[in-house]
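Please look over the model below before reading on. The points that follow are numbered for ease of reply.

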Amino acid sequence: MTYVLGIETSCDETAVAVVNDGREIVSNVVASQARIHERYGGVFPEIASRQHILHIVPVLEEALAQADLSLEEMEAVAVTYGPGLAGSLLIGVNMAKGLALAAGLPLIAINHLEAHIYANWLDTDREIEFPLVCLIASGGHTNLVLMTDHGKYRALGQTLDDAAGEAFDKVARLLGLGYPGGPEIQSAAKDGDASAFDLPRAWLKGTYDFSFSGLKTAVLYLVRDYDAKREVAGGNDGVPVADIAASFQAAVVEVLVEKTNLAAKENAARQVLLAGGVAANALLRQQMAERVSVPVLCPPPEHCTDNAACVAAVGWFKLGSGQRAGWDLDVVPGLQLVPQDSTS
Ligand code: KG4
Ligand code: ZN
């Protein structure tokens, strides 16, 4: 038994978890601030860090209580130090330092994007087969990476503007839906016709890069057109929210699936992994499974979004390979998975 305590505060979830041997979740507590940020249609950084301060201790106590373990029974404390909001990351990193110092445990610094990837190996005995291609699609990132071994990544492509999740959030706002936008659009799309509107797909051929801002702008003009027509013609004809949501979702999913499939083929990947909040999307999961020729792994939806179990999972691998952070560990809000000039 090797228990690692994971701490995650990079955005608007205060999360603490205990994971055994890098794969078995012993406890996994997430306090979401989504309801608080809803009124702003996105995360309000200053409020997020204040909420983390309020919640971090109760969430920690709850995670240890649910695990029926004490801090002293942990082998390490793993914490997200980037990417994310500086003020939010600081709360988790300072808490982790305090706990590790007090209990004499090693401190392990975790990249949030890597944590999303490792959610794929929680509570499962699935074999990991390298090389694999991983699509990380979240509120802040959209990256395609080739993973050749534990901790070894090569960047294939990334978004040039909005992240996929950010596009879901912004389009949801345009359509008058709630935050976070992904689940809202997924649910509105159920009653819609995905072929109702032929929205643009940015293929950026010859690259594995993505762009979603043109698609978002196309939805903006569509909504404006409907509003303008109603003003001129009168009546109650509203914006066809379900059809736009379905057409938008189909456009995002098509590009993510095609690029990931091509990357898997061209890199002779043995598996494809989905990670990050957008990987919770049912259409994306279904289309990936249908279109990609190698096995597609994706965490259960609740492990796709931010949590600390996946932070503890990476922490266990890093503990095994001797990686330790110093007491001078600082937050790195713009941290990347693969440094720009590196190839492995
Ligand atoms: O990974 P995550 O929890 O936080 C970040 O690291 O950003 O991802 C949150 C993002 C949000 O943009 C949210 O709208 C999106 O994931 N998301 C979804 C779904 N569930 C969450 N997007 C599409 N479909 C979903 N079902
Ligand atoms: Zn995340």
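The notes below cover the basis of the model, its domains, their interface, the metal site and some backbone details.

1. Basis. This is a predicted model, in which local features need pLDDT of at least 70 and side-chain atom pairs count only at pLDDT 80 or more, while totals for chains, interfaces and linings use all residues. Residues are numbered from 1 along each chain as its sequence is written, chains are lettered from A and ligands numbered from 1 in the order in which they are written, and side-chain values use heavy atoms, with hydrogens and water left out.

2. Domains. Domain 1 comprises 3–119 + 304–320, and domain 2 comprises 129–298; the bounds come from an automatic or database domain assignment. Taken over C-alpha atoms, the two centres are 27 Å apart.

3. Interface size. Contact (heavy atoms within 4.5 Å) links 18 residues of domain 1 with 19 residues of domain 2. The buried area is about 1500 Å², with carbon and sulfur atoms giving 68%; the term means accessible area (1.4 Å probe) that two parts lose on being put together, summed over both. On the domain 1 side, Leu113, Ile117 and Cys304 lose the most area to domain 2, together 39% of what that side buries.

4. Interface chemistry. Between the domains there are 0 salt bridges, defined as a side-chain nitrogen of Lys or Arg within 4 Å of a carboxyl oxygen of Asp or Glu. There are 5 residue pairs in polar contact, both residues at pLDDT 80 or more. A polar contact is a pair of N or O atoms within 3.5 Å; within protein, one must be able to donate a hydrogen and the other to accept it, and residues adjacent in sequence count only if both atoms are side-chain atoms.

5. Elements at the interface. Helix 1 (34–37) and helix 4 (112–118) each give two or more residues to the side of domain 1 that touches domain 2. Helix 4 supplies the largest share, 5 residues. Helices (H or I, at least four residues) and strands (E, at least two) are DSSP runs, numbered from the N terminus.

6. Metal site. Which protein donors does the zinc ion (ligand 2) have? They are His112 (NE2), His116 (NE2) and Asp306 (OD), lying 2.0 to 2.1 Å from the ion. Donors are N, O and S atoms within 2.8 Å of the metal (3.2 Å for Na, K and Ca); water is not among the atoms, so sites may look incomplete. Their spacing along the chain is H-x3-H-x189-D. His112 and His116 both belong to helix 4, 4 residues apart, about one turn of the helix.

7. Backbone. Gly82 and Pro83 are joined by a cis peptide bond, omega about -10 degrees, and Pro83 sits in the loop between strand 4 (76–82) and helix 3 (86–103).
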